[in-house]
Amino acid sequence: MSKPPRNDPPKPPAKRETKSAVTTTEIEAFFAGPLPTPALLAGYEQIVPGAAERLLAMAEAEAKHQREIEFAALRAEESSVRRGQWLGFGIALFALTTSIVALHLGSPWVAGIVGGATVVGLVSAFVIGRVGPSSGEGPANKE
């Protein structure tokens with residue numbers, strides 16, 4: 001006994017749930033220096049006409065300002081060194097004059113101590129001044 005065929009309407013295909021993958025791409029761009037890359041510069045120019053010229057002018061002004069600051073720092077350093085040399089010369093001259101006067105007045109011990117301390121101080125200042133900064137030692141590098 002067989003069953004008679006059924007005349008049911010065909011069933012629609014079952015709905016399959018599909019998961020779509022979402023891919024996100026993140027792009028980061030970095031540049032160093034006062035100016036953006038040429039592509040970004042062209043993009044700025046398209047958005048704001050004249051922006052590229054303004055950015056170039058700003059970078060040039062910043063570079064000029066930085067050079068002026070460095071030059072002023074060099075001049076100040078030179079002035080400080082020169083002032084120190086003149087003050088050292090004055091102190092040494094005063095001490096040696098004092099030593100000569102003390103010797104003339106009959107105090108050889110005082111003359112020897114003042115004159116000797118002056119010579120030792122000058123020699124050590126010149127030695128430390130020349131050796132210290134280049135070798136990483138001495139008072140010039142202590143901060």
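This briefing walks through the confidence, the largest pocket, a surface patch and a salt bridge of the structure above.

The model is predicted, so local features need pLDDT of at least 70 and side-chain atom pairs count only at pLDDT 80 or more, while totals for chains, interfaces and linings use all residues. Residues are numbered from 1 along each chain as its sequence is written, and side-chain values use heavy atoms, with hydrogens and water left out.

**Confidence**
- The average pLDDT (the predictor's confidence in each residue, from 0 to 100) is 81 for the chain, and 76% of the residues score at least 70.
- Among the elements of the chain, helix 2 (residues 51-104) has the highest mean pLDDT, 92, and helix 3 (residues 108-135) has the lowest, 79.
- Helices here are DSSP runs of H or I with at least four residues, numbered from the N terminus.

**The largest pocket**
- A pocket is an open set of points on a 1 Å grid over the protein atoms alone, where a 1.4 Å probe fits, with protein on both sides within 12 Å along at least five of seven lines.
- The largest pocket has a volume (the space filled by probe spheres set on the points) of about 360 Å³.
- Its lining (residues with an atom within 4 Å of a point) has 11 residues, and Val81, Gly84, Gln85, Ala125 and Phe126 lie nearest the centre.
- Helix 2 supplies the largest share of this lining, six residues, and helix 3 supplies at least two.

**A nonpolar patch on the surface**
- Leu96, Val119, Val123 and Val127 form this patch, with about 310 Å² of accessible area together (Shrake-Rupley method, 1.4 Å probe).
- Patch residues have over 30% relative accessible area and no salt bridge, and nonpolar side chains are joined within 5 Å.
- Helix 3 gives the largest share of the patch, three residues, and Val127 is found in helix 3.

**The salt bridge**
- Side chains of opposite charge can pair when their charged atoms come close.
- Counting a side-chain nitrogen of Lys or Arg within 4 Å of a carboxyl oxygen of Asp or Glu, there is one salt bridge.
- Glu78 pairs with Arg82, their closest N and O atoms being 3.4 Å apart.
- Both residues lie in helix 2, four residues apart, about one turn of the helix.

Methods. Patches are made of residues with over 30% relative accessible area and no salt bridge: like charges are joined within 9 Å, nonpolar side chains (Val, Leu, Ile, Met, Phe, Trp, Tyr) within 5 Å.
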